[in-house]
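Student: Could you take me through the aromatic rings of this protein, along with a neighbour that reaches them? I would like to see how that part sits within the whole.

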Amino acid sequence: MTPEMTPAELLHAFARTRASLDGAEVTYWWSGDVHTWGPGEPHRRLFGFEGVNVARLTGDEETGGYRLLSREAAFYLDPLTREILDTWQDRPVVHVWNDPANQRLRPHPVPVTELGDQVCFSLEIPLAYPSPLPVAQYPAHSADDTYRALELFQFFAPATALTTDAPGVPATMSWTRMSPWLPWMEQGQRPGGLVFHCRGRKLGSYAEVPERTRAYISAQHPEFARSPDKWTEPNETSWTYFRKLFPPRGGADETGAPVS
């Protein structure tokens, strides 16, 4: 890795870190915690958090980069026992079932830091777009008509592995997200929100996902053990998934059909 690398060369290296250039399925697994923040309130650890992403790369002729086809499942855990939660404060927990969770990887200067025998790719993604859960329709579940969050990713790969011709290289990762309260928490207009702080790695195969987590996925949504068969849009998020589960009264569901 050198400062003189072109955006295309950087993308090639990052794509090998994030997935595999031969189109093989790649599984990332991560674990961490979710903390609260709010004006005048002490920070506290509210949930554990564990997730899985299964992805594969295809070429993207439109951009000269890649399409990352993926599904992502993640689960809120009891902060002490680390068991998957069914309820929180007598409210049903809505776990993360994002299908799809696709990305277009375009040639651009990916921030890279050389850390001795490792290389770190950093992605900082500020988000601000019209919320799928407008306050007028979801006063108990949404505090703003604009969804705002900050996603911070770091992917670490062995520097020597990136000098080889292997289609994919071993990698570890960290992820931090600042977000509003989750819709199912029913925090209404309460100021503050959540900070997710996790770390994980690229696994040798999906079979390396912890058995408890594989069993839960198999029982609930077994398709999340695989990447999507084809590219589709738009992506699912926790907010759009919640809207599908709980369409606004007097509005329309995701198909546009009226609901009551």
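Tutor: Happy to. Let us agree on one word before we begin: two residues are in contact, or touch, when they have heavy atoms within 4.5 Å of each other. Please also keep in mind that this is a predicted model.

With that in hand, start at Arg-177, which you will find in strand 11, residues 172-179. Its relative accessible area is 10%, and since buried means under 20%, Arg-177 counts as buried. Leaving aside residues up to four places away in sequence, Arg-177 touches Tyr-147, Leu-150 and Glu-151, and also Leu-194, Val-195 and Phe-196.

Phe-196 is our way into the rings. Ring pairs join Phe-196 into a cluster with Phe-14, Tyr-28, Phe-47, Phe-49, Tyr-76, Trp-88, Phe-121, Phe-153, Phe-155, Trp-175 and Trp-184. Across the structure there are 23 aromatic pairs. To describe such a pair, one gives the distance between the ring centres and the angle between the ring planes.

Take Tyr-28 and Phe-155, two members of that cluster. Their ring centres are 5.7 Å apart and their planes stand at 85°; planes over 60 degrees apart count as edge-to-face, so that is what this pair is. Now look at where the two partners come from. Tyr-28 belongs to strand 1 (residues 26-37) and Phe-155 to strand 10 (residues 146-158), so the pair ties together parts that lie 127 residues apart in sequence. Tyr-28 and Phe-155 are both buried.

For a contrast in geometry, turn to Trp-97 and Tyr-216. This aromatic pair is stacked, with 6.4 Å from centre to centre and 10° between the planes. The pair, too, links distant parts of the chain: Trp-97 sits in strand 6 (residues 96-98) and Tyr-216 in helix 2 (residues 211-220), 119 residues apart. Trp-97 is buried, at 8% relative accessible area.

While you are at strand 6, follow the chain a little further. Pro-100 lies in the loop between strand 6 and strand 7, and the peptide bond from Asp-99 to Pro-100 is cis, with omega near 5°. If you follow the chain beyond helix 2 instead, you come to Pro-234, in the loop between helix 2 and helix 3 (238-245). The bond leading into Pro-234 from Glu-233 is also cis, with omega near -5°. Most peptide bonds are trans, which is why these deserve a glance.

Trp-88, another ring of the cluster, has a neighbour in sequence to check as well. Gln-89, in the loop between strand 4 and strand 5 (91-92), has a positive phi of about 50° although it is not a glycine.

Now step back to the whole. The protein has three helices and 12 strands. Its radius of gyration is 19 Å, close to the 18 Å that the globule rule gives for 260 residues, so the protein is as compact as a globular protein of that length. Of its 260 residues, 44% count as buried, among them Tyr-28 and Phe-155. Those long links across the chain have a counterpart in the totals: of the contacts with a separation of 6 or more, 66% are between residues 24 or more positions apart.

Notes: Residues numbered from 1 in each chain as written. Predicted model: local features only at pLDDT ≥ 70, side-chain atom pairs only at ≥ 80, totals over all residues. Heavy atoms only, no water. Helix = DSSP H or I, 4+ residues; strand = E, 2+ residues; numbered from the N terminus. Rg over C-alpha atoms; globule rule 2.2 N^0.38 Å. Buried < 20%, exposed > 50% of the residue type's maximum accessible area, 1.4 Å probe, protein only. Phe/Tyr/Trp six-rings, centres within 6.5 Å; stacked < 30°, edge-to-face > 60°.
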